[in-house]
Amino acid sequence: MRNRDYPLYEIAPRISSISEMLEIKAEKVPDKVAFCYRKGRENVEEKTYGQVYDTVKKAAQYVSENYGTGKHIAVIGENSYEWLIAYFAIVTSGNVAVPIDKELPADEVEWLIKKADVTAAFISKTYIDLVENIEGLSVLTLKKLQEAALECDGNYELYHQKDDELICIIFTSGTSGKSKGVMLSSKNVTSEISETSRMYDPEGENTFVVLPFHHAFGLNVAVLMAYNYGVKIFLNKSLKRVKEDMLLAKPEVVMLVPLFIEVFYKQIMSSVKKENKEKQLKKGIRLSRLLLKVGIDKRRELFKDIHEVFGGKLKYIISGGAHINTYYVRFFRDIGIEILNGYGTSECSPCVAINRNYFKKDGSVGQVIPGTEVRISEDGEVQFKGTVTMQGYYKDPEITEEAMKDGWYCTGDLGYVDKDGFLFLTGRKKNLIILSNGENISPEELENDFNVDPGVNEVLVYDKDNVIIAEIYPEEEYMGNEEYFNNLMTKVNEGRPIYKQVGRVVLRDKEFIKNTSKKIVRYKNIPK
């Protein structure tokens, strides 16, 4: 199996606007299935690229005739075909889409709507109570938008934004305070779609979308980039049905955040343990490694039962949104599923680096995408400049000035680039633990070592009175087992210099406070 540099792909067409992407697909593959999703308990609904285009034209016509152009319009709801039609209709009618997280409380939704100067909202009926009391806001359910669009004749020419026109305001998750509205232009989003596509080949026709659409990763990469490839995209509406939907979708590719991967791993190992097949799994992995050394790949046969859980065809998991421990990367590779780790941030549309199909390095977040430059500042901060970097934060010039230095977006992440152009991250600048002896410690490094243990559900490492604390929320069967976790601390400390060793473990009986992206919010969890 080769692992060396090779030319960039030219699979998906380069696009200059979302409207152009929809038009190209409707012209080239009108009868190919674009989206499919569960309808009811057993049925699967399918929409072709031609049908999507026709529906978008009617919906965009309705939006243009009833809301005008240049307006900021929110989209709120669970992942659905109707959500995407609303997004497409907003953008292709010359308006600005503002995706908002349905899980937020009503007061925060109202704050975001006012912050982004939103005048109308297309929303799932399930969540209409989030916006019904907002004065001056025009509200229409996603279903009614679809129904109203069907009454239009569709004799409408989609609006093509210029490169620098704003098309979307994506709110950050707010792990360190109030959410910020990231302004993405047409050039930002189309560059993300076109340039990232050159790094990666999906090597299949089916992809599965579980990430929320209000995030840049879930929308711009998992949906829009896949659409530009021209593959079939299965939309998962509910996390409760991920397993069932994967069996229906039989995807070759799925894009996930590490939390999902960790859950999948723990479920696999739990099942293996219950069936008393731990020795069999270890033996299979040893055998597959030996066979791979002589060019024979039997992983899909040796681990057929595990593959069937994911639908039987899964080849690639694209991981982003947070750090993933290399332990999981190697485990899934051993059983025949390649995890390609990437790196992104909403401010960069979001993906700026990714490991490629046949050129990757474990522990790295990959190589930087074409059209984007990376530099490491004197204090080790990773910074980016290019066609995917945002216009700024909406109505926040001071914060924009802090984040953008001469066109370079300052990520706040620490890292380095190796001789082959692979980017490695070592932690967050603001999370660094600085001890009284002057030593700097990245808490993420220690957290990663704790996280791979089966007894650890969540962990947060911080400094208190010059002692490094590992606060752990255990898995249920390990609750209160201080002896187990003290032994784990000793194991994690082995081989580390004294200043990098954890001094105490604290157990908790409740989950850490997290944002809606399921990331631990440090400032709300670390004791004052």
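In the predicted model, K237 is placed in the loop that connects strand 10 (232-235) with helix 8 (242-249). With a relative accessibility of 39%, K237 counts as partly exposed, since values between 20% and 50% fall into that class. The C-alpha atoms of K237 and N79 are 5.0 Å apart in space, although 158 residues separate the two in sequence. Besides N79, the contacts of K237 beyond four places in sequence include Y37, R38, E78, S80 and D245.

A second loop residue, E205, lies between helix 6 (186-197) and strand 9 (206-209). E205 is likewise partly exposed, its relative accessible area being 40%. From E205 to A226 the C-alpha distance is 9.6 Å, at a sequence separation of 21 residues. When residues up to four places away in sequence are set aside, E205 touches K32, G230, V231, K232 and E252.

The chain that contains these loops comprises 17 helices and 26 strands. Its C-alpha trace extends over about 70 × 55 × 45 Å along the principal axes. The radius of gyration is 23 Å, which agrees with the value near 24 Å that a compact globule of 528 residues would have. Of the 528 residues, 56% count as buried. Long-range pairs are prominent in the contact list: among contacts between residues at least 6 apart in sequence, 67% join residues at least 24 apart.

In soluble globular proteins, nonpolar side chains tend to be buried together. In the present model, the largest nonpolar core has 121 residues. The residues with the most contacts inside this core are I18, F35, Y87, F88, F122, L224 and F332. For F88, the contacts outside a window of four places in sequence are with I18, M21, L22, F35, V56 and L224. Another core, of 23 residues, lies apart from the largest one, and L104, I113, I123 and F171 are among its members.

Two packed helices are described by the angle between their axes and the distance between the axes. For helix 2 (residues 49-67) and helix 5 (residues 142-150), the angle is about 95° and the axes are 8 Å apart. Helix 2 and helix 5 are therefore roughly perpendicular to each other, as the range for this class runs from 65 to 115 degrees. On the side of helix 2, the contact is formed by T55, K58, A59, Y62 and V63, which meet L145, Q146, A148, A149 and L150 of helix 5. By residue class, this contact of helix 2 with helix 5 consists of seven nonpolar, two polar and one charged.

The loop between strand 13 (338-344) and strand 14 (351-354) holds P350, and S349 and S346 are found in that loop as well. S346 and V182 are 164 residues apart in sequence, with a C-alpha to C-alpha distance of 6.8 Å. Neighbours within four places in sequence aside, S346 is in contact with I170, V182, L184 and A216.

Most residues other than glycine have a negative phi, and most peptide bonds are trans. Within the loop between strand 13 and strand 14, the peptide bond from S349 to P350 is cis, its omega being near 0°. S349 also has a positive phi, near 75°, in a residue other than glycine. With a relative accessibility of 0%, S349 counts as buried, the limit for this class being under 20%.

A positive phi in a residue other than glycine occurs also at D465, where the angle is near 55°. D465 belongs to the loop between strand 24 (456-464) and strand 25 (467-474). The relative accessibility of D465 is 69%, so this residue counts as exposed. The two sites with positive phi thus fall into opposite accessibility classes, S349 being buried and D465 exposed.

Definitions and conventions. Residues are numbered from 1 along each chain as its sequence is written. This is a predicted model: local features need pLDDT of at least 70, side-chain atom pairs count only at pLDDT 80 or more; totals for chains, interfaces and linings use all residues. Side-chain values use heavy atoms; hydrogens and water are left out. Axes are lines fitted to C-alpha atoms, for helices over the stretch in contact, and angles run from 0 to 180 degrees between N-to-C directions. Helices (H or I, at least four residues) and strands (E, at least two) are DSSP runs, numbered from the N terminus. Angles under 35 degrees count as roughly parallel, over 145 as roughly antiparallel, 65 to 115 as roughly perpendicular and the rest as oblique. Contact means heavy atoms within 4.5 Å. Ala, Val, Leu, Ile, Met, Phe, Trp, Tyr, Cys and Pro count as nonpolar, Asp, Glu, Lys and Arg as charged, and the others, Gly among them, as polar. Buried means under 20% relative accessible area, exposed over 50%, partly exposed in between (1.4 Å probe, protein chains only). A nonpolar core is a set of buried Ala, Val, Leu, Ile, Met, Phe, Trp, Tyr and Cys residues joined through side-chain atoms within 4.5 Å. The radius of gyration is taken over C-alpha atoms; the globule rule is 2.2 Å times the number of residues to the power 0.38.
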